[in-house]
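Student: Could you walk me through this model, one question at a time?
Tutor: Gladly! Take a look at it first, and then we can begin.

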Amino acid sequence: MELFWHNKDRLDINGGFVVRFLVLIIVLIILGFLLEKIINKLLGVENKKISETSGKKVDRWGKGIILVIFLCTLPFVITKDTNVMKWYWILHLILVLGFQSILE
């Protein structure tokens, strides 16, 4: 009986799809960060942390509620295929970043 980590077929999940997906996510995060910095510099926007404003409690409660909802639904989604998991995390990012943009 072979051990799990010695089986090459099991290490290559979906033909490397997971690795390519993670690299894509990292590249998109870096591009988004750079684009935000460039646009803020061009428009002369002064960054202010939400924790320094009156929206501190709303920010914490909103992100906490989103996190609890997604952690409660995670066991139902984790048994599905990788495509469902991908859209689950994309939806999570959209909700968190959308909530943050509304507060800003």
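**A pocket and its helices**

Student: How do the residues lining the second largest pocket divide into nonpolar, polar and charged?
Tutor: A pocket here is an open set of points on a 1 Å grid over the protein atoms alone, where a 1.4 Å probe fits and protein lies on both sides within 12 Å along at least five of seven lines; lining residues have an atom within 4 Å of a point. Among the lining residues are Phe21, Gly32 and Lys86. Ala, Val, Leu, Ile, Met, Phe, Trp, Tyr, Cys and Pro count as nonpolar, Asp, Glu, Lys and Arg as charged, and the others, Gly among them, as polar. The lining divides into nine nonpolar, one polar and one charged.

Student: What is the mean pLDDT of the protein?
Tutor: This is a predicted model, where local features need pLDDT (the predictor's confidence in each residue, from 0 to 100) of at least 70, side-chain atom pairs count only at 80 or more, and totals for chains, interfaces and linings use all residues. Residues are numbered from 1 along each chain as its sequence is written, and side-chain values use heavy atoms, with hydrogens and water left out. Here 82% of the residues reach 70 or more, and the mean is 80.

Student: Which helix has the highest confidence?
Tutor: The protein has four helices (DSSP runs of H or I, at least four residues, numbered from the N terminus) and zero strands. Confidence is lowest in α1 (residues 8-11), with a mean of 50. At 89, the highest value belongs to α3 (residues 56-77).

Student: Which helix gives the most to the lining of the second largest pocket?
Tutor: Two helices, α2 (17-43) and α4 (82-103), each supply at least two of its residues. The pocket has a volume of about 240 Å³. With seven residues, the most comes from α2.

Student: Does asparagine 40 count as buried or exposed?
Tutor: Asparagine 40 is found in helix α2. Leaving out residues up to four places away in sequence, asparagine 40 touches Val45 and Asn47 (heavy atoms within 4.5 Å). Buried means under 20% relative accessible area and exposed over 50%, with partly exposed in between (1.4 Å probe, protein chains only). Because its relative accessibility is 16%, asparagine 40 counts as buried.

Student: What share of the residues is buried?
Tutor: The same cut-off applies to the whole protein. Of its 104 residues, the buried share is 14%.

How values were computed: Grid points are joined across faces, edges and corners, and a volume is the space filled by probe spheres set on the points.
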